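Trainee: Hi, have you got a few minutes to go through a model with me? I'd like to start with the core.

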Amino acid sequence: MKIALACDHGGLNLKNAIKKHLEENNYKVEDFGTYTTDSVDYPDYAKKAADAVASGQADCGILVCGTGIGIGMAANKVKGIRCATVGDTFSARMTKAHNNANMIALGERVTGIGLGIDIVDAYLNSEFEAGRHQNRIDKIMDIEAAK
């Protein structure tokens, strides 16, 4: 599985910890930056990772900013992306199981490294349940197509 990873300056430490954890667990990671704590604009990095997921270059994506909110909102502007900002393992499991999210966003300033890694594992180890949930996903995608 190939994972697109990106952050802004406020999510650098958590992104780097997640990247190390993923690589240690034999995931392929494409890191779209940023790579320093110099101030940057999160939409630029969200778009790079989201484009990789939407095109199939990556299977899913993980984004990090200060809260996870802005970078997740930016990713959701890319056609085909369903990104959920998550701060707990239950939400991470459910966003895959019920919403078939292809990206998640986390906040370094609100989620510690240990919990952040647990959230990533919960997301990656969950499966989409389909069934009644597929109809809802189809309706979400219909909204996007109507733009």
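Trainee: Which residues have the most contacts inside the largest nonpolar core?
Mentor: Those are I18, L22 and I62, in a core of 24 residues. Keep in mind that this is a predicted model.

Trainee: And which elements give two or more residues to that core?
Mentor: They are β1, α1, β3 (60–65), β5 (103–107) and α5 (113–124). The biggest contribution is from α5, which gives 6 residues.

Trainee: Let's stay with β3 for a moment. Is L63 buried or exposed?
Mentor: L63 counts as buried because its relative accessibility is 0%, below the 20% cut-off. This leucine sits in strand β3. For a sense of distance, its C-alpha is 15 Å from that of A122, and the two residues are 59 apart in sequence.

Trainee: How many bridges join β3 to β5?
Mentor: There are 5, and the two strands run parallel. One pair to look up is V64 with its bridge partner L106 in β5.

Trainee: How many residues of β5 are buried?
Mentor: 5 of its 5 residues are. M103, A105 and G107 point one way from the strand, I104 and L106 point the other way, and all of them are buried.

Trainee: What about β4, how does that strand run relative to β5?
Mentor: Parallel, with 3 bridges joining the two. C83 has M103 of β5 as its bridge partner. Together with helix α4 (residues 89–97), β4 and β5 make a β-α-β unit that is right-handed.

Trainee: Over to the start of the chain. Which handedness does the crossover from β1 to β2 have?
Mentor: Some pairing first: β1 (residues 2–7) and β2 are parallel, with 4 bridges between them, and I3 stands opposite V29 in β2. The chain goes from β1 through helix α1 (residues 12–24) to β2, a right-handed β-α-β crossover.

Trainee: Which residues are on the covered face of β2?
Mentor: V29 and D31, while K28 and E30 make up the uncovered face.

Trainee: Now backbone oddities. Where is there a cis peptide bond?
Mentor: Between G33 and T34, where omega is about 0 degrees. T34 is in the loop between β2 and α2 (42–55). As background, most peptide bonds are trans, and most residues other than glycine have a negative phi.

Trainee: So which residues other than glycine have a positive phi here?
Mentor: Two to look at are N26, with phi near 65 degrees, and N100, with phi of about 50 degrees. N26 lies in the loop between α1 and β2, and N100 in the loop between α4 and β5.

Trainee: How exposed are they?
Mentor: N26 counts as exposed because its relative accessibility is 70%. N100 is at 24%, so that residue counts as partly exposed.

Trainee: Last topic, pockets. How much space lies in the largest one?
Mentor: About 200 Å³. There are 13 lining residues, and the closest to the pocket centre are N76, I81, R82, C83 and I140.

Trainee: Which elements supply at least two residues of that lining?
Mentor: β4 (83–85) and α6 (132–145). The largest share is from α6, with 4 residues.

Trainee: And what does the lining look like by class?
Mentor: The lining has 7 nonpolar, 3 polar and 3 charged residues. C83 is a good place to pick up next time, as one of the residues closest to the pocket centre and the bridge partner of M103.

Notes: Residues are numbered from 1 along each chain as its sequence is written. This is a predicted model: local features need pLDDT of at least 70, side-chain atom pairs count only at pLDDT 80 or more; totals for chains, interfaces and linings use all residues. Side-chain values use heavy atoms; hydrogens and water are left out. On a 1 Å grid over the protein atoms alone, a cavity is a set of points where a 1.4 Å probe fits but cannot get out, and a pocket is an open set with protein on both sides within 12 Å along at least five of seven lines; lining residues have an atom within 4 Å of a point. Grid points are joined across faces, edges and corners, and a volume is the space filled by probe spheres set on the points. Ala, Val, Leu, Ile, Met, Phe, Trp, Tyr, Cys and Pro count as nonpolar, Asp, Glu, Lys and Arg as charged, and the others, Gly among them, as polar. Buried means under 20% relative accessible area, exposed over 50%, partly exposed in between (1.4 Å probe, protein chains only). Two strands pair if DSSP finds at least two bridges between them. A crossover is right-handed if, with the strands pointing away from the viewer, the path from the first strand over the helix to the second runs clockwise. A nonpolar core is a set of buried Ala, Val, Leu, Ile, Met, Phe, Trp, Tyr and Cys residues joined through side-chain atoms within 4.5 Å.
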